[in-house]
Amino acid sequence: MARIAFVGLGVMGYPMAGHLRRKGHHEVTVFNRTPARAAQWVKEYGGASAPSPREAARDADFVFLCVGNDDDVRSVVYGESGAVAGMKKGAILVDHTTASAILARELDARARELGMCFLDAPVSGGQAGAQNGQLGVMVGGDPATFARVKPVLDLYAASCALIGPAGSGQLCKMVNQICVAGVVQGLAEGLNFGLRAGLDMEKVISVISKGAARSWQMESRWMTMCEGKFEGFGFAVDWMRKDLGICLQEAKGNGARLPVTALLDQFYSQIQARGGRRWDTSSLIHLLTRD
């Protein structure tokens, strides 16, 4: 049993921290910027809550973060009340936030200066994956550090792999988001085409989902996309735009051309303008069916 701090109890972090407590039987202390959320988690899973990241991280073997973006990570890591101020030497900081590779390398360097370890470990699988303990975890960092943390990560991972040095996990997540956005647009266009052609889309999907067109997006979202339902589930458009922005910024530095990704980022901005900031990313079909 390890002593663990978990900072950030959003739709992903809440169940992930719960697996550490319920499945792993670890000693877990949580922090959330909304104290009531932390109190709810403690009521459901046990463990404890702390008034700051620093207090949550005090004497912890592992400190996990799952917040919104680069600025959010820095706000809970640095400063007098930040996590590193309470961490002991040899402790491991693991960032599950989808953030920039630049930030990952920055945190890795800072951890080394303080005699600590760091892994960037963004996840894929959405809210359902977090709740069911079936996330894909892509990790950047030192192999020895990864070996120490992996048994803990496996509590909510369907797959967990060390991709390379610090920043590699975030770069892998960028590849993931680029691919996902492209698949969603292709699916949206195909479904819209089929609907306008008057096809029975249930029969269509029953056939094409068994062949080369098969995807998680197709199997999980085709029906809601056809019905125009995008609220209350899935990965929000706001978060996808944040992620695609990271991808496009990274591409400027490494010379990768992302013409389709840049176009899809514009499409998602149109969804935001229609009031769909919290809609699921499958809402790209809205631009086709409602115009």
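In the predicted model, T29 counts as buried, at 18% relative accessibility. This threonine is found in strand β2. Leaving aside neighbours within four places in sequence, T29 is in contact with I4, A5 and F6, with A48, S49 and A50, and with A56. The value of 18% falls under the 20% limit for burial, and T29 is therefore classed as buried.

The contact between T29 and F6 appears again in the environment of F6. With neighbours up to four places away excluded, F6 is in contact with T29, V30 and F31. The other contacts of F6 under that exclusion are G13, M16, A17, L20, F64, C66 and Y156. F6 also belongs to the largest nonpolar core, which has 34 residues. Within this core, F6, M16, L20, F64, V137 and L153 touch the most other members. Of these, M16, L20 and F64 are also among the direct contacts of F6. A second core, separate from the largest one, comprises 25 residues. Its members include A50, A57, L107 and F118. A50, one of the contacts of T29, is thus a member of the second core, while F6, another contact of T29, is a member of the largest core. In soluble globular proteins, nonpolar side chains tend to be buried together.

Two residues other than glycine have positive phi values. Phi of H25 is near 55°. H25 lies in the loop between α1, residues 13-22, and β2, residues 27-31. The relative accessible area of H25 is 54%; the limit for exposure is 50%, so H25 is exposed. The phi of D59 is about 65°, again positive although D59 is not a glycine. D59 is found in the loop that connects α3, residues 53-57, with β4, residues 62-65. With a relative accessible area of 40%, D59 is partly exposed.

The loop that follows β4 and leads to α4, residues 70-77, contains G68. This glycine counts as buried, at 7% relative accessibility. G68 and G10 are 58 residues apart along the chain, and their C-alpha atoms are separated by 8.9 Å. Once neighbours within four places in sequence are set aside, the contacts of G68 are T97, T98, W239 and K242. Of these contacts, W239 and K242 fall within helix α12, which spans residues 237-254.

Helix α12 packs against α9 and α13. The axes of α9, residues 168-196, and α12 come within 9 Å and cross at roughly 115°. The crossing of α9 over α12 is left-handed. From α9, the contact is made by L171, M174, Q177, I178, V180 and A181. From α12, the contributing residues are M240, D243, L244, I246, C247 and E250. The residues of this contact divide into nine nonpolar, one polar and two charged.

Helices α12 and α13, the latter covering residues 259-273, pack at an angle of about 150°, with their axes 10 Å apart. Angles over 145 degrees count as roughly antiparallel, and α12 is therefore roughly antiparallel to α13. The crossing of α12 with α13 is left-handed. On the α12 side, the contact is made by V237, D238, M240, R241, L244 and L248. On the α13 side, the residues are T261, A262, D265, Y268, S269, I271 and Q272. By class, this contact has seven nonpolar, three polar and three charged residues. M240 and L244 of α12 take part in the contact with α13 and also in the contact with α9.

D265 is found in helix α13. Its relative accessible area is 11%, and D265 is therefore buried. Apart from residues up to four places away in sequence, D265 touches R241, L244 and L248. These three residues also belong to the α12 side of the contact with α13.

Helices α10, residues 201-208, and α11, residues 216-227, form a further packed pair, at an angle of about 165° and with axes 11 Å apart. This angle makes α10 roughly antiparallel to α11. The crossing of α10 with α11 is right-handed. The contact involves M201, E202, I205 and I208 of α10, together with M218, W222 and C226 of α11. By class, this contact has six nonpolar, no polar and one charged residues.

Key
Residues numbered from 1 in each chain as written. Predicted model: local features only at pLDDT ≥ 70, side-chain atom pairs only at ≥ 80, totals over all residues. Heavy atoms only, no water. Axes fitted to C-alpha atoms, helices over the stretch in contact; angles between N-to-C directions. Helix = DSSP H or I, 4+ residues; strand = E, 2+ residues; numbered from the N terminus. Parallel < 35°, antiparallel > 145°, perpendicular 65-115°, else oblique. Left-handed = near helix turned anticlockwise from the far one by under 90°. Contact = heavy atoms within 4.5 Å. Nonpolar A, V, L, I, M, F, W, Y, C, P; charged D, E, K, R; others polar. Buried < 20%, exposed > 50% of the residue type's maximum accessible area, 1.4 Å probe, protein only. Core = buried A, V, L, I, M, F, W, Y, C linked by side-chain atoms within 4.5 Å.
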